Amino acid sequence: MPWNAEESLSRPELAKLQSHRLQKVCERVYARVPFYKKKFDEKGIKPSDIRNVQDIVKLPFTKKVDLRDNYPYGLFAEPLENIVRIHASSGTTGKPTVVAYNRNDISLWADVMARTFTCAGVTSKDVVQNAYGYGLFTGGLGAHYGAERVGAAVIPISGGNTQKQILLLQDFGSTAICCTPSFALYIYDVACEMKINLDTIKLRVGLFGAEPWTEEMRREVEERLRIKAIDIYGLSEIIGPGVSSECIEAQSGLHLNEDHFFPEIINPETGEPLPYGQEGELVITSMSREAMPLIRYRTGDITSLNPEKCVCGRTLVRMRRVRGRADDMLIIRGVNVFPSQVESVLLRTKDIAPHYVIEVDRKGRMDVLNVRVEVTAECMEKLAAKVLSTDLKSFAQEEEDLIKIKRDIQKNVKDIIGVNTEVTLVPPSAIQRSEGKAKRVVDNRPK
Ligand code: DLL
């Protein structure tokens with residue numbers, strides 16, 4: 001059963017609710033946020049021109065740079081005395097992006113996160129180990145309030161502290177874990193080093209997000225940790241986690257809480273709206289937010305929307321797993337490459353572990369892509385045994401096996417993505433592990 005009735009409305013009922021909320025939010029920002037008044041006026045739009053949800057295309061976009069230009073409090077639609085929480089996400093450069101919540105926003109957030117936990121099958125009977133970072137990052141507190149709202153017992157361990165995570169998994173009997181997918185794999189690695197028998201832990205589901213990951217990565221996480229891995233999505237600017245989530249029944253697309261967050265897909269180059277099914281940039285209007293609603297916010301995330309009803313009974317549109325951010329897309333000799341495409345190729349290769357870094361350099365005028373990826377511990381053991389053996393022929397054979405792994409990766413990257421790549425195989429644990437969002441790309445090209 002979904003958490004709220006609004007998750008299973010008919011399309012006409014939903015459109016009615018969306019239209020009403022869109023009108024209200026336009027009135028709110030026009031009256032309270034000078035930035036939006038100016039933007040609306042420039043387009044010659046009044047809130048009364050927005051009669052239903054289709055009119056959304058008349059509204060101006062909001063971009064990340066608008067949050068920076070109005071740093072820190074310029075986009076607040078409430079006086080500071082009504083603000084009860086401020087979060088921020090650290091950009092790669094410069095000042096953080098600031099977001100604010102009033103009491104109703106915090107309650108809304110708990111509710112949409114309760115939907116997320118319910119989607120993942122988490123109830124009051126569960127023990128939730130919350131390994132998202134608590135702090136300015138929205139992951140920790142967002143998951144915390146949502147898990148409490150469904151009545152689960154929350155362990156607010158926050159990120160990092162990997163050995164302690166494992167101790168609590170064992171001793172506190174956690175049945176659900178919340179963290180980035182890359183941290184989940186790190187926890188698994190450390191559990192193996194500690195020789196923990198995974199049969200002694202009760203974990204059955206993970207709510208993973210905050211970074212792009214692939215179907216292949218899901219399979220790895222599910223097989224290794226012996227759990228169901230649920231993809232959850234969100235961004236600070238809109239609310240934090242709680243924008244969309246997969247359901248455990250289908251694990252096929254993330255139900256987007258479109259009664260509160262109106263989604264559009266646009267062509268990132270032209271800004272033109274794209275129909276259901278077509279891939280483009282996700283744009284969201286946070287219609288129910290009060291302290292800092294955003295109109296047509298360009299998330300930079302690349303996905304598509306699917307309106308088909310799901311087996312779980314929810315009617316909310318489903319967004320496909322995010323392929324990556326438009327600004328993470330690498331252009332290598334004119335070809336667009338998403339790190340997630342490289343991840344798919346790597347994880348389909350035998351003897352390769354799910355730990356990698358993509359390095360881009362410029363040699364002369366050429367962009368050179370180098371994938372550094374770990375071989376599995378089993379592969380390493382085989383190799384070590386051959387090195388120790390006096391049987392030089394089998395050692396040579398093993399070297400050939402490594403060359404074959406490299407060639408397979410190169411061939412598949414070329415076939416699927418269309419670029420040549422260098423591959424460096426490294427031993428287990430050589431790639432730095434992440435306790436939060438993984439950094440997969442090192443771009444050394446001059447800007
Ligand atoms: O990462 C909120 C969050 C916390 C989501 C915990 C899920 C779980 P930010 O730090 O503002 O907020 O980063 C938002 O992270 O625009 C995406 O590019 C990326 N992202 C978040 N979830 C996913 C996901 C949080 N499931 C940015 N798949 C977003 C792919 C994701 N990318």
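Select the second largest cavity to begin with, which has a volume of about 40 Å³; a cavity here is a set of points, on a 1 Å grid over the protein atoms alone, where a 1.4 Å probe fits but cannot get out, and its volume is the space filled by probe spheres set on the points, with grid points joined across faces, edges and corners. The model is a predicted one, in which local features need pLDDT of at least 70 and side-chain atom pairs count only at pLDDT 80 or more, while totals for chains, interfaces and linings use all residues. Residues are numbered from 1 along each chain as its sequence is written, and side-chain values use heavy atoms, with hydrogens and water left out.

To show the walls of this second largest cavity, select Glu7, Arg115, Thr116, Cys119, Ser245, His255, Asn257, Arg314 and Leu316, the lining residues being those that have an atom within 4 Å of a point. Helix α4 (residues 103-119) supplies the largest share of this lining, three residues; helices (H or I, at least four residues) and strands (E, at least two) are DSSP runs numbered from the N terminus. By class, the same lining divides into two nonpolar, four polar and three charged residues, where Ala, Val, Leu, Ile, Met, Phe, Trp, Tyr, Cys and Pro count as nonpolar, Asp, Glu, Lys and Arg as charged, and the others, Gly among them, as polar.

Move next to the largest cavity, with a volume of about 50 Å³, by selecting Leu67, Asn70, Tyr71, Pro72, Gly74, Leu75, Phe76, Val98 and Met292. Its lining holds seven nonpolar and two polar residues and no charged ones. The count of cavities of 30 Å³ or more comes to three.

Now select the ligand and the 21 residues around it, of which Asp231, Ile232, Ser236, Asp301 and Lys437 come nearest; a residue belongs here if one of its heavy atoms lies within 4 Å of the molecule. Which element gives the most to this shell? Strand β7 does, with five residues, and the shell as a whole has nine nonpolar, six polar and six charged residues.

For the polar contacts of the ligand (pairs of N or O atoms within 3.5 Å; within protein, one must be able to donate a hydrogen and the other to accept it, and residues adjacent in sequence count only if both atoms are side-chain atoms), display Ser236, where a polar side-chain atom lies 2.4 Å from an oxygen atom of the ligand. At Asp301, an N or O atom of the side chain is 2.6 Å from a ligand oxygen atom, and at Glu211 a backbone N or O atom lies 3.3 Å from a ligand nitrogen atom. Taken alone the ligand exposes 610 Å², and the protein buries 94% of that, by accessible areas from the Shrake-Rupley method with a 1.4 Å probe.

Stay with Asp231, whose place is in strand β7, and add Trp213, since a polar contact of 2.9 Å joins the two side chains. Asp231 is buried, with a relative accessible area of 5%; buried means under 20%, exposed over 50%, and partly exposed in between (1.4 Å probe, protein chains only).

Two further stops remain. Phe172, in the loop between α6 (162-171) and β5 (176-179), counts as partly exposed at 47% relative accessibility, and its C-alpha atom is separated by 9.0 Å from that of Gln129, 43 residues apart along the chain. Val190, in helix α7 (residues 181-193), counts as buried at 6%, and Val190 and Asp41 are 57 Å apart, C-alpha to C-alpha, and 149 residues apart in sequence.

Terms used:
On a 1 Å grid over the protein atoms alone, a cavity is a set of points where a 1.4 Å probe fits but cannot get out, and a pocket is an open set with protein on both sides within 12 Å along at least five of seven lines; lining residues have an atom within 4 Å of a point.
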